[in-house]
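The exercises below are meant to be worked with the sequence and the coordinates side by side. Each task is followed by a solution that proceeds step by step.

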Amino acid sequence: MKTITVQNDYPVCARRLWALATNYAALREVMAGLVSFEGLPDGRTRTGQRLEVKVSLFGRLPAQPYYIDVLECDDQAMMLRSSEQGAGVKRWLHTLTVIETEAGSRLQDRIEIDAGVLTPVFALWAGYLYRARHRPRLRLLESGRY
């Protein structure tokens, strides 16, 4: 297992950032160009969801089955936990938290990855992927859509 932690600050209230971070349409947008999804539902994340989707890196590589179990989505605590697997990953445990800060809010992603011998490669990808979500999230927040 390898653990990656990425955190970013946003100039909006925590509730607004939480609403964006738990919205599947926003996920599609912040991942555009990096990962495309087939079968991602509409609406917001909720505890107990079992998602069976297909993911394609850069929208060019063949789509691979990927499974996401939403273990917890707590709107009060602004904390999301999921267990994921597929596309070469044995286990991807993701914890997303949003907190209020003096200047707005902070989103933290903590990802524990087990991909066997490829774990270091997937850990590098995860760090890049979660850091890359910051600018598109800022654009979505600035647009006023979330």
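## Exercise 1: an aromatic pair

Tyr128 has a relative accessible area of 43% and is therefore partly exposed, since that class lies between 20% and 50%. Bear in mind throughout that this is a predicted model.

**Task.** Determine how the rings of Trp125 and Tyr128 are arranged as an aromatic pair, and where the two residues lie.

**Solution.** Begin with the location: Trp125 and Tyr128 are both in helix 3, three residues apart, which is about one turn of the helix. Next, take the ring geometry, which gives 5.9 Å centre to centre and 35 degrees between the planes. Because an angle that is neither under 30 degrees nor over 60 counts as tilted, the pair is classed as tilted. Finally, extend the view to the cluster, in which Phe58 joins Trp125 and Tyr128.

## Exercise 2: two residues compared by accessibility

**Task.** Decide for Thr45 and for Leu71 whether the residue is buried, partly exposed or exposed, and list the contacts of each beyond four places in sequence.

**Solution.** Thr45 is placed in the loop between strand 2 and strand 3. Its relative accessible area is 8%, so Thr45 is buried, the limit being under 20%. Outside its sequence neighbourhood of four places, Thr45 touches Thr22, Tyr24, Val70, Cys73 and Leu80.

Leu71, in turn, belongs to strand 4. With 40% relative accessibility, Leu71 is partly exposed. Apart from neighbours within four places, Leu71 contacts Thr47, Arg81, Ser82 and Ser83. For Thr47, which is 24 residues away along the chain, the C-alpha separation from Leu71 is 5.7 Å.

## Exercise 3: core and pocket

**Task.** Identify which residues touch the most other members of the largest nonpolar core, and then describe the lining of the largest pocket.

**Solution.** The core has 43 residues, and Trp92, Val98 and Ile113 touch the most other members. Helix 3 (residues 119-132) contributes the most to this core, with six residues. Among the contacts of Trp92 beyond four places in sequence are Tyr66, Glu84, Ile113, Phe122 and Tyr130.

Turning to the largest pocket, its volume is about 660 Å³. It is lined by 38 residues, of which Phe37, Tyr66, Glu84, Leu129 and Arg133 are the closest to its centre. Sorted by class, the lining comprises 27 nonpolar, eight polar and three charged residues. Elements that each supply at least two lining residues include helix 1 (14-21), strand 4 (64-74), strand 6 (89-101) and helix 3. Tyr66 and Glu84 thus appear on both counts, as contacts of Trp92 and as residues among the closest to the pocket centre.

Conventions. Residues are numbered from 1 along each chain as its sequence is written. This is a predicted model: local features need pLDDT of at least 70, side-chain atom pairs count only at pLDDT 80 or more; totals for chains, interfaces and linings use all residues. Side-chain values use heavy atoms; hydrogens and water are left out. A nonpolar core is a set of buried Ala, Val, Leu, Ile, Met, Phe, Trp, Tyr and Cys residues joined through side-chain atoms within 4.5 Å. Buried means under 20% relative accessible area, exposed over 50%, partly exposed in between (1.4 Å probe, protein chains only). Helices (H or I, at least four residues) and strands (E, at least two) are DSSP runs, numbered from the N terminus. Contact means heavy atoms within 4.5 Å. On a 1 Å grid over the protein atoms alone, a cavity is a set of points where a 1.4 Å probe fits but cannot get out, and a pocket is an open set with protein on both sides within 12 Å along at least five of seven lines; lining residues have an atom within 4 Å of a point. Grid points are joined across faces, edges and corners, and a volume is the space filled by probe spheres set on the points. Ala, Val, Leu, Ile, Met, Phe, Trp, Tyr, Cys and Pro count as nonpolar, Asp, Glu, Lys and Arg as charged, and the others, Gly among them, as polar. Rings of Phe, Tyr and Trp (its six-membered ring) pair if their centres lie within 6.5 Å; planes under 30 degrees apart count as stacked, over 60 as edge-to-face and the rest as tilted.
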